[in-house]
Amino acid sequence: ARKIIIDTDPGQDDAVAILLALASPEEIEVLGITAVAGNVPLPLTARNARIVCELARRRDVPVFAGCAAPLKRPLVTAEHVHGKTGLDGPVLPEPAMPLQDAHAVDFIVDTVRGLPEGEVTLCPLGPLTNVAMALRKAPDIAGRLREIVLMGGAYFEVGNITPAAEFNIYVDPEAAEIVFRSGVPLTAMPLDVTHKALVTRPRNEAFRALGTPVGVAVAEMTDFFERFDREKYGSAGAPLHDPCVTAFLIRPELFSGRHINVEIETQSDLTRGMTVADWWGVTDRAPNATFMGDVDADGFFALLTERLARL
Ligand code: BDR
Ligand code: CA
């Protein structure tokens, strides 16, 4: 199984991404979960990560709190999408499992240094603050990581927090720039992919029909997401962004994209956080990321439903 650290700001879709990973021990070993400020402030994302572990009956997964604010900017949150708690929808108990004492950034650095080179994959599902801090504090880990597979960015598809930018990159563009320039092999799931992974009514019903606490909770999470997104985008269902990352680790053939150059806009107020993706190869800038563009959505939801049934 591939060893991963999930860096996350749960978030209903983050929660589903974590559940998918925990349901797939043959392919994925979750070494730990690191919380970052994003959709909601850090105390809530650190709480929500533990709620999700407990929902999966996995109190053994260590959860660490990381950075409470972006590198250089005040935090921007997304309660308008995820609700006050970040995990609105299902009514789940407050977590009983403790947060680990160590800082998330130290956990990332120590874990990557402590395992053989090329073993650890980082899976960022929120703003890239913790990951950038780890790379800045310990530049040697860049050469030791197997890969970073993240949710973030947009190119043909326009932004979701501003007309130009996707939320995770927008919140901490300086951190994103560090990550995209780190030289670590990078795979990104931009909105172009995640806006094809839509929770339609029948897909939502399939979660509920599992009849398990996990199935019902995921149905309620995606119900909540749905109420907000349908009004906003008028699409066939809410996009399930972050689970694209963990699904890719299990069934990479569900996704397709291009290895291209991607630069992050950090200067302009108008386009801050934009992922400037050279999809057509019109510059001579070296490719630094595989940007996914398409997903087999039916295959993705079949995988997700089948795996959630195992919890
Ligand atoms: C990303 O932003 C968050 O709201 C979601 O959890 C996802 O990671 C989508 O832009
Ligand atoms: Ca997220």
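Student: In what order do the 8 strands of the open sheet run?

Tutor: Keep in mind that we're looking at a predicted model. The pairing in this open sheet is mixed. At its edges sit S3 (63–65) and S9 (255–260), each pairing on one side only, and the twist averages 25° from one strand to the next. Reading across, the order is S3-S2-S1-S4-S5-S6-S12-S9.

Student: In which sense do strands S1 and S2 pair, parallel or antiparallel?

Tutor: Strands of a sheet pair through backbone hydrogen bonds, and either sense is possible. Here S1 covers residues 2–8 and S2 covers 28–35, with 7 bridges between them. Ile4 stands opposite Val30 in S2. The sense for S1 and S2 is parallel.

Student: What angle does the direction of helix H4 make with that of S2?

Tutor: Let's take the helices on this sheet one by one. H2 (residues 42–55) packs there and touches S1, S2 and S3, with its direction at about 175° to that of S3. H4 (residues 104–114) also packs on the sheet, touching S1, S2, S3 and S4 (120–124). Its angle with the direction of S2 is about 150°.

Student: Which element gives the largest share of the largest nonpolar core?

Tutor: Nonpolar side chains tend to be buried together in soluble globular proteins. This core has 103 residues, and Leu19, Ala35, Val179 and Val245 touch the most other members. Ala35, for instance, has contacts further along the chain that include Leu42, Val63 and Ala104. The largest share, 8 residues, comes from H1.

Student: How many residues of the shell around ligand 1 are charged?

Tutor: There are 15 residues around the ligand, and Gly11, Asp13, Glu166, Phe167 and His241 come nearest. Helices H1 (12–22) and H6 (167–171) are the elements that give two or more residues to this shell. Sorted by type, the shell has 5 nonpolar and 6 polar residues, and the charged ones number 4.

Student: Why does Thr305 count as partly exposed?

Tutor: Thr305 is found in helix H12 (residues 297–308). A buried residue needs 20 or more other C-beta atoms within 10 Å, while an exposed one has 12 or fewer. Thr305 has 16 such neighbours, so it falls in between and counts as partly exposed.

Student: What distance separates the C-alpha atoms of Thr305 and Phe207?

Tutor: Leaving out residues up to four places away in sequence, Thr305 touches Ala206 and Phe207. Thr305 and Phe207 are 98 residues apart along the chain. Their C-alpha atoms are separated by 6.2 Å.

Key. Residues are numbered from 1 along each chain as its sequence is written. Chains are lettered from A and ligands numbered from 1 in the order in which they are written. This is a predicted model: local features need pLDDT of at least 70, side-chain atom pairs count only at pLDDT 80 or more; totals for chains, interfaces and linings use all residues. A residue is near a molecule or strand if its C-beta atom, placed from the backbone, lies within 6 Å of it. Helices (H or I, at least four residues) and strands (E, at least two) are DSSP runs, numbered from the N terminus. Ala, Val, Leu, Ile, Met, Phe, Trp, Tyr, Cys and Pro count as nonpolar, Asp, Glu, Lys and Arg as charged, and the others, Gly among them, as polar. A nonpolar core is a set of buried Ala, Val, Leu, Ile, Met, Phe, Trp, Tyr and Cys residues joined through C-beta atoms within 7 Å. Two residues are in contact if their C-beta atoms, placed from the backbone, lie within 7 Å. Two strands pair if DSSP finds at least two bridges between them. Axes are lines fitted to C-alpha atoms, for helices over the stretch in contact, and angles run from 0 to 180 degrees between N-to-C directions.
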